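Let us take a walk through the charged side chains of this structure. Have the coordinates open in your viewer and follow along.

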Amino acid sequence: RLLSALRRRCDIAVKRLSGPGLAAEGRVLRAVLYVYHSRLLRHRPYLALQQVEQCLKRLWKMNLVGCLETLVELIPKKNALEAHAECLVPSQPMLETVALKVLGGCKLILRLLDCCCKAFLLSVKHLCSEEFILLNTVASGLLSRLWFVIQYRCVLETLTSLYNALSTVLHLVSETQQTPYIKGFTFPSDIGDFLGVNVYSEAKKQKAKMLTTRRSTSWMKKLFPAMPQTVSKVGKKRKSETCTSAMKNRSVLCTMDIGETVV
């Protein structure tokens, strides 16, 4: 029963980590950093974006998805578990390695969410100051999407529940046969104590901070103030006059020779 639960949680974690959302946002982030590299080396939102990209890069380089896929291959399938009274289980070194990577992945995702929140607030602040409007508009949208992808797909919550299942199986395997691989480190029984924060409350705090910043600054209204009604009527009249004159000029140009071609 415990092995079946562990296999199911590993499959869910692999699907959520290898989804198209995180990879796509990572590619867009790298492209934005590449475009603005030579112009904004000392710009604070740009430096904050670099920290977000560094967290994403470390998350992919630790190869957590590949490690979980290897563990899934070692866990017997449900049919094999029901057919035999005894079965082979993953060894203690393998379980310890995966548990350590899951702990590191949780820490990295917490850091990634924190960096996304800080970079978003900086982008909105500089946007209100009308500095690098295009970059900060793109950055604020990208960061909010990245934060939303991680929260909506419950990546952090999936990894914490996976660690709880891993910890239970690891405890039983180590009781059967002591073959410790990672020495000098005690695996925590509760992942909340290791992370130092409550995952759900931290996410709510960050979301509230980002939403209140959006509402209080209302930077779109500052950048694009609403036009008075009289000005908009004048603008419409000028637009119609411009279109009429353009059509007349076009008809004249069609009947006259505009000269020699210029290479």
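A good place to begin is Glu53, which is buried at a relative accessible area of 15%; buried means under 20% relative accessible area, exposed means over 50%, and partly exposed lies in between, with a 1.4 Å probe and protein chains only. Before going further, please keep in mind that this is a predicted model, in which local features need pLDDT of at least 70, side-chain atom pairs count only at pLDDT 80 or more, and totals for chains, interfaces and linings use all residues. Residues are numbered from 1 along each chain as its sequence is written, and side-chain values use heavy atoms, with hydrogens and water left out.

Glu53 sits in helix α3; helices here are DSSP runs of H or I with at least four residues, strands are E runs of at least two, and both are numbered from the N terminus. What is Glu53 in contact with, leaving aside its neighbours within four places in sequence? The residues are Leu29, Arg30 and Leu33, where contact means heavy atoms within 4.5 Å.

Glu53 also forms a salt bridge with Lys57, with 3.9 Å between the closest N and O atoms. The term stands for a side-chain nitrogen of Lys or Arg within 4 Å of a carboxyl oxygen of Asp or Glu. The two residues are four apart in helix α3 (residues 44–61), so about one helical turn separates Glu53 from Lys57. Unlike buried Glu53, Lys57 is partly exposed, at 42% relative accessible area.

How many salt bridges does this rule give? The count comes to four. One of them joins the side chains of Arg145 and Glu25, at 3.1 Å from N to O. This pair links distant parts of the chain, 120 residues apart: Arg145 belongs to helix α7 (residues 133–152) and Glu25 to helix α2 (residues 20–35). Is each partner buried or exposed? Glu25 counts as buried at 10% relative accessibility, while Arg145, at 41%, counts as partly exposed.

Our last stop is helix α6 (residues 92–128), home to both Arg111 and Asp114, which are three residues apart, about one turn of the helix. Arg111 and Asp114 form a salt bridge as well, their closest N and O atoms being 3.9 Å apart. Arg111 is partly exposed with a relative accessible area of 37%, and Asp114 is partly exposed with 23%. Salt bridges with shared partners bring Arg111, Asp114 and Lys118 together in one network.
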